[in-house]
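Dear colleague,

Please find below the structure that I am handing over to you. My notes on it follow directly after.

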Amino acid sequence: MSLEPTEFMSKMVSRTGFSADDKKILQDTAAWGLEIAPEMADYFYDYMGRDAEMSAILNESEGRIHRLRETFVSWFHEMFTGMDSWGGDYADRRWRIGLIHVRIGIGPQHVVPAMAVVVHEAGKRAQADGKDQQLCDALSKICMVDLAFIEQAYIEVSSAAVLRETGWSESLFKRLVATGAAAM
Amino acid sequence: MAISTEKLTHILQSFVTSTTDIQGAAVVTPDGLPLAASLPGGMDEERVSAMSAAMLSLGDRIGSELARGGIDRIYVEGDKGYGILTSCGEDAVFLVLADKAAKQGLLLLEIKRTLSDLKAVLM
């Protein structure tokens, strides 16, 4: 059960309807994206920091929050540039970011609402700066694609650990999850 | 040659009805899919199959990790009886449910006999 980032990216792009027009509008406003990225990082980490559990994780080691903030700024900007036009490099980086979230313990339950805050605040800023609604829609779509990577990283890492330690096949594991869910 | 589920079911039914203190039996795939079963009423065949495959697979893993070699069978002993899981070749797992009063030697002998019948059908 190992995720292939490019394939996953392609599925998510298709499922969210992230189009060539979305890519173009994001690339055309990449400079604006970089300009507002630090402000969005503030919203993201301010929101996360309000939760005691998250605050402890974010400030666990010296300089962690600073490094995470820097990563956020790059990540946010990359949603506009698309790196290699939202290809393999983009997908690999999103997968690695997902794995970092798993490693340091920032789960979907924290990232999902924090990402919603970013989408909301970016939308407000876009409106204030007279940007087109299509930009907000495109940004929302690519945010959801990136969020899917983070959520999937949790599933993949957890499943891989269970399969490795138990020797279960992937289909047996899925069957156990399905029968377990049916019994809940 | 196609596997005959009728033959598998017949072997299981005959094993369950003719062996003293046996309450049920099932043959499942290593992925946890039922091949044939003769289980007590109220037991969900799908769940029993998934659980059986999971246990044998985990037992194999434990055997390997704790340097116990290949695992022949797994016993679950409760105050109401036994659950015995035996590998039935590479493609199946044999589950036997026995009453607490079952005689161990007889039980193992019957399992061994039935295993060879099952393997013949599964080959």
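I begin with helix α6 of chain A, residues 88-104, in what is a predicted model. Its 17 residues should span 24 Å at 1.5 Å a residue, and the end C-alpha atoms are indeed 24 Å apart, in agreement with that expectation. The buried residues of α6(A) are A:Tyr90, A:Ala91, A:Arg94, A:Trp95, A:Gly98 and A:His101. Viewed down the axis of α6(A), these buried residues fall within an arc of 135°, so they line one face of the helix. An α-helix has 3.6 residues a turn, so residues three or four places apart point the same way. The partners against which the buried residues of α6(A) pack are α1 (5-16), α5 (64-81), α7 (108-128) and α8 (133-166) of chain A. After α6(A) comes A:Gly105, with a positive phi near 90°.

Helix α7 of chain A can be described in the same terms. For its 21 residues, 1.5 Å a residue gives an expected span of 30 Å, and the end C-alpha atoms of α7(A) are 30 Å apart, which agrees. Buried residues in α7(A) are A:Val111, A:Ala114 and A:Ala122. Seen down the axis of α7(A), its buried residues lie within an arc of 80°, so they line one face of the helix. The other side of α7(A) carries the exposed residues A:Gln109, A:Val112, A:Pro113 and A:Lys124. The cover over the buried residues of α7(A) includes α3, α6 and α8 of chain A. A:Gly130 follows α7(A) and has a positive phi, near 70°.

Two helix pairs in chain A deserve a description of their own. In the first pair, α3(A) and α7(A) pack with their axes 9 Å apart, at an angle of about 145°. The crossing in which α3(A) passes α7(A) is right-handed. On the α3(A) side, the contact is made by A:Ile36, A:Met40, A:Tyr43, A:Phe44, A:Tyr47 and A:Met48. On the α7(A) side, the contributing residues are A:His110, A:Ala114, A:Val117, A:Val118, A:Glu121, A:Ala122 and A:Arg125. Among them, A:Ala114 and A:Ala122 are also listed as buried residues of α7(A).

In the second pair, the axes of α1(A) and α8(A) come within 10 Å and cross at roughly 135°. The two helices are therefore oblique to each other. The crossing of α1(A) past α8(A) is right-handed. The contact involves A:Phe8, A:Met12, A:Val13 and A:Thr16 of α1(A), together with A:Lys141, A:Met144, A:Val145, A:Ala148 and A:Gln152 of α8(A).

The loop between α5 and α6 of chain A holds two residues whose backbone I would draw to your attention, A:Met83 and A:Trp86. Most residues other than glycine have a negative phi. A:Met83, although not a glycine, has a positive phi of about 55°, and A:Trp86, also not a glycine, has a positive phi of about 55°. As to their surroundings, A:Met83 counts as partly exposed, with 16 C-beta neighbours inside 10 Å, whereas A:Trp86 is buried, with 24 other C-beta atoms within 10 Å.

Two further positions in chain A may be useful for orientation. A:Ala30 belongs to helix α3, residues 30-49, and counts as partly exposed, with 15 C-beta neighbours inside 10 Å. Leaving aside residues up to four places away in sequence, A:Ala30 touches A:His77, A:Phe80 and A:Thr81. From A:Ala30 to A:Gly88 the separation is 58 residues in sequence and 19 Å in space, C-alpha to C-alpha. A:Gln134 is located in helix α8 and is likewise partly exposed, with 13 C-beta neighbours inside 10 Å. A:Gln134 and A:Ala178 are 44 residues apart along the chain, and their C-alpha atoms are separated by 39 Å.

Finally, I turn to chain B. Its helix α2, residues 45-65, has 21 residues and reaches 30 Å from its first C-alpha to its last, close to the 30 Å expected at 1.5 Å a residue. The buried residues of α2(B) are B:Val48, B:Ser49, B:Ala50, B:Ser52, B:Ala53, B:Ala54, B:Leu56, B:Ser57 and B:Gly59. B:Ala67, which follows α2(B), has a positive phi near 55°.

With kind regards

Note on methods. Residues numbered from 1 in each chain as written. Chains lettered and ligands numbered in written order. Predicted model: local features only at pLDDT ≥ 70, side-chain atom pairs only at ≥ 80, totals over all residues. Helix = DSSP H or I, 4+ residues; strand = E, 2+ residues; numbered from the N terminus. Expected span 1.5 Å × (residues − 1). Buried ≥ 20, exposed ≤ 12 C-beta atoms within 10 Å, placed from the backbone. Arc of directions from axis to C-beta. Contact = placed C-beta atoms within 7 Å. Axes fitted to C-alpha atoms, helices over the stretch in contact; angles between N-to-C directions. Parallel < 35°, antiparallel > 145°, perpendicular 65-115°, else oblique. Left-handed = near helix turned anticlockwise from the far one by under 90°.
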